[in-house]
Amino acid sequence: MNVGEVRIAEDSDFALLKVLLTRGDGWTQEFSSGMTKVWTRQAENSHFRMIRLKTVFPDVPADTLYDVLHDPVFRKTWDKHMLSSCELGVLNPNNDLSYYALHCPAPLKNRDFVLQRSWLQTPQEYYIINHSVFHRDFPNKKGFVRGLSHLTGFLITPMDKGCSLGYVAHSDPGGQLPVWVTNKLSTILAPKMVKKLHKACINYNSWKNLHNPNHKPWLYPEQISGKRIVISDCVKPDSVTSGDSTPDEDESTLSENDLSCQLDMISADAE
């Protein structure tokens, strides 16, 4: 789906994620450690490279990983980058809209996103995808640079022991960051995300048993309590422009030396 397009996801939208994860054309490997590998490739009509990650969690059942990626309350316990998150409403039991704000390491500015999230569960695979949309009640916020997700997706495949995870992200962080910074940062942060996600999966069931264990609206549609999204509200607010930022959030004056030093620190921490 295109940025700004609000509709029920179709089979072809989920199939695109699988194509990106299974075809090898155009991908360059950037990272390999244990069972985790990261590739990047040039994306159409964008200076920002698409990222692809594959890994295996031999000690995590597929349904547990699926629950962890969905559970918004549990996410507050393990996603330390998340500053805030809220649901705007639902399109149907498998498509919703949400707002997500995240902390970025200094000297980068914090980012936020308005997203449509769609998911599909089959006997063989579990899919979760998102892309950026607009909503009249969520214009740009002071202190944040509005980012765009062209496509972010997770594909979980059950295995005899554990599961495999495929992840694809094509995003524009907005603002005026040098392209090389975003491309390098993506390859650093993706493996870090996998480590945190794996740890979260190990802890999930014991946590969930103490926190409303039977409440899983992503599995049980009758538990959905969000309001219905009004499509006419899904328009770009007057103050929103792709890559827009206020003077307080302008990063164009950041020096290459400052950025390089910070990226080196993040990279060392990821190893």
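**Exercise 1. Look at the face of helix α1 turned away from its buried side: which exposed residues does it carry?**

Solution. Work with this predicted model as follows.
- Step 1: Find helix α1, which covers residues 11–22. Its twelve residues reach 17 Å from the first C-alpha to the last, close to the 16 Å expected at 1.5 Å a residue.
- Step 2: Pick out the buried residues of α1, namely Asp-13, Phe-14, Leu-17, Leu-20 and Leu-21. Seen down the helix axis, they fall within an arc of 115°, so they line one face of α1.
- Step 3: Now turn to the face pointing away from that buried side, and you will meet Asp-11 and Thr-22, both exposed.

**Exercise 2. Find what covers the buried residues of α1.**

Solution. Follow the contacts out from the buried residues of α1: the cover includes strands β2, β3, β6, β7, β9 and β10. Keep β7 (126–132) in mind for the next exercise.

**Exercise 3. Classify the ring pair of Phe-14 and Tyr-127: is it stacked or edge-to-face?**

Solution.
- Step 1: The structure holds seven aromatic pairs. In this one, the ring centres are 5.7 Å apart and the planes stand at 65°.
- Step 2: Planes over 60 degrees apart count as edge-to-face, so the Phe-14 and Tyr-127 pair is edge-to-face.
- Step 3: Place the partners. Phe-14 belongs to helix α1 and Tyr-127 to strand β7, so the pair ties together parts 113 residues apart in sequence. Both Phe-14 and Tyr-127 are buried.

**Exercise 4. Which charged residues lie over the faces of Trp-27 and Trp-39?**

Solution. Over Trp-27 you will find Arg-41, at 5.5 Å from the ring centre. Over Trp-39 lies Lys-54, at 5.6 Å from the ring centre.

How values were computed:
Residues are numbered from 1 along each chain as its sequence is written. This is a predicted model: local features need pLDDT of at least 70, side-chain atom pairs count only at pLDDT 80 or more; totals for chains, interfaces and linings use all residues. Side-chain values use heavy atoms; hydrogens and water are left out. Helices (H or I, at least four residues) and strands (E, at least two) are DSSP runs, numbered from the N terminus. The expected span of a helix is 1.5 Å times one less than its number of residues. Buried means under 20% relative accessible area, exposed over 50%, partly exposed in between (1.4 Å probe, protein chains only). The arc is that of the directions from the helix axis to the C-beta atoms. Contact means heavy atoms within 4.5 Å. Rings of Phe, Tyr and Trp (its six-membered ring) pair if their centres lie within 6.5 Å; planes under 30 degrees apart count as stacked, over 60 as edge-to-face and the rest as tilted. A charge sits over a ring if NZ of Lys or CZ of Arg is within 6 Å of the ring centre and within 35 degrees of the ring normal.
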